[in-house]
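Biologist: I am new to this structure and would like to go through it step by step. Please keep the answers short.

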Amino acid sequence: MKVLIAIDGSESALGALGYVLDHQDFFSTNPELVLINVHLPLPPPRANSLLGSETYAQIYKEESEEALAPARELLAGMPCRVVERQVVGQPAALIIAAATQEGCDLIVMGTHGRNALANLPMGSVAMGVIAASPVPVLSVKYESLATAALTQSGGQCKNIRASCQRIERMLQFTERLWVQGEQWNVNFNLAPTSHVQIDTGSWRSGSVGECGDARQAAIADHHDASGTPGCDHMAHFAARPVCQSRAGKNKNHALVCAKSTLHCTT
Amino acid sequence: MKLLIAIDGSESALRALAYVLEHKEFFSANPELVLVNVHLPVPSARAKAFLGSEIIDQYYKEDFDEAMAPARALLAGKSCQVTDRSVIGQPADSIIAAATQDGCDLIVMGTHGRSALGTLLMGSVAMRVIAASPVPVLSVK
């Protein structure tokens with residue numbers, strides 16, 4: 001199975017990629033990924049003659065590389081076959097063209113890319129692709145990603161080790177969304193099983209005080225998890241971290257800034 | 001793995017169902033299907049009082065069976081675990097609510113349902129579900 005993922009450097013696109021990586025068990029075979037970055041053409045042909053096509057090509061290349069870099073980081077160490085494509089033109093049309101040319105079975109994309117206005121229901125590129133693509137499109141809404149994936153990692157997992165790996169990956173992914181200087185509250189709600197320990201010693205953050213609080217919160221939650229709503233059906237769960245953004249910060253984003261290592265003790 | 005498929009009796013919805021059935025090898029385990037048909041509520045409370053709720057329920061039931069019939073035909077003889085649900089309400093909201101309540105991993109739907117204008121890029125229900133659903137949406141043209 002071959003999946004095309006449109007990457008424009010936005011959090012939404014990374015979220016879509018993260019979703020696929022986090023739900024590989026949905027697919028019967030390890031899917032082959034095609035990452036595509038479409039760069040809009042630089043405006044007038046006159047600028048082209050002025051700057052020279054080499055400079056143009058350089059700009060396209062640099063910006064596409066920049067957009068793809070976080071995706072590569074996310075994929076580092078994953079046993080995935082990945083092909084990358086960098087093209088210049090109209091995004092929706094080129095995403096569809098690449099998917100059909102490469103014989104992809106599925107296009108995966110975020111609903112709000114780089115140029116989307118936040119209060120529109122979805123970005124114009126996502127809409128254009130969904131409306132015109134002969135290849136089915138899986139749209140992943142970014143704001144739901146962290147919570148959905150984390151619930152998934154704790155909730156649906158039969159195997160503790162896999163669950164840990166998935167939680168870890170999720171943390172690695174969300175970690176990049178943290179901006180230096182920002183403060184976050186991080187909560188882990190742990191089920192009252194002792195299969196999993198969170199090694200809080202390896203948390204890193206630019207704001208130590210905040211993280212210290214979060215660490216205590218994590219430990220506190222661990223102790224009274226039985227009283228936490230939703231924990232009654234967590235008996236067979238390994239862990240269910242719930243990440244919450246700082247109060248007053250954009251509520252659409254559920255993020256963590258902490259690096260955490262999970263150890264299996266069984 | 002559990003998939004919700006929105007069925008409104010349109011060609012587009014059937015194509016979405018057919019896509020899932022034809023591509024079951026994509027999914028690791030044989031997916032469990034939840035077919036949901038959403039019927040808009042009969043407009044005024046007065047109509048309800050006038051006709052009586054039995055007649056209205058009957059009307060909903062008939063429409064439900066009619067919308068489901070082609071989907072059921074498509075599923076006949078297939079080894080799938082299928083449940084179907086009839087919901088009365090606003091389509092997009094009801095589809096999202098059903099998906100979250102049933103713990104579905106994915107919503108599958110056609111981009112042009114029953115009341116979509118053919119010339120629009122996509123139907124209003126598909127657009128609203130994609131925009132508002134916390135569950136990822138697979139749209140099939």
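Modeller: One term comes first: a contact means heavy atoms within 4.5 Å. The model is predicted.

Biologist: For contacts in chain B with a separation of 6 or more, what percentage do residues 24 or more positions apart account for?

Modeller: The count starts from contacts in chain B whose residues have a separation of 6 or more. Of these, the share from residues 24 or more positions apart is 74%.

Biologist: In what order do the elements of chain B run from the N terminus on?

Modeller: Chain B has five helices and five strands. Read from the N terminus on, its elements follow the order β-α-β-α-α-β-α-β-α-β.

Biologist: What percentage of the residues in chain B is buried?

Modeller: Buried means under 20% relative accessible area. Chain B has 141 residues, and the buried part of them is 45%.

Biologist: How many strands does chain A have?

Modeller: The elements of chain A are helices and strands. There are eight helices, and the number of strands is nine.

Biologist: About how much surface does chain A expose?

Modeller: Of the 266 residues in chain A, 50% are buried. Carbon and sulfur atoms supply 52% of the exposed surface of chain A, which comes to about 12300 Å².

Biologist: Is helix H1 of chain A largely enclosed by the rest of the structure or not, and why?

Modeller: Helix H1 of chain A covers residues 11–22 and has twelve residues. Among its buried residues are A:Leu14, A:Tyr19 and A:Asp22. Eleven of the twelve residues of H1(A) are buried, so the helix is largely enclosed by the rest of the structure.

Biologist: How far does helix H1 of chain A reach from its first C-alpha to its last?

Modeller: At 1.5 Å a residue, 16 Å is expected for this helix of chain A. The reach in the model is close to that, at 16 Å.

Biologist: In which element of chain A is confidence lowest?

Modeller: Chain A averages a pLDDT of 62, and 50% of the residues score at least 70. Confidence in chain A is highest in helix H4 (residues 91–101), at 95. At a mean of 28, it is lowest in strand E9 (residues 261–264) of chain A.

Biologist: How many contacts beyond near neighbours in sequence does the model have for residues 181–266 of chain A?

Modeller: Over this stretch of chain A, residues 181–266, the pLDDT is below 50. Beyond near neighbours in sequence, the number of contacts in the model is 148.

Methods: Residues numbered from 1 in each chain as written. Chains lettered and ligands numbered in written order. Predicted model: local features only at pLDDT ≥ 70, side-chain atom pairs only at ≥ 80, totals over all residues. Heavy atoms only, no water. Helix = DSSP H or I, 4+ residues; strand = E, 2+ residues; numbered from the N terminus. Expected span 1.5 Å × (residues − 1). Buried < 20%, exposed > 50% of the residue type's maximum accessible area, 1.4 Å probe, protein only. pLDDT = per-residue confidence, 0-100. Areas by Shrake-Rupley, 256 points an atom, 1.4 Å probe, with all protein chains shown as cover.
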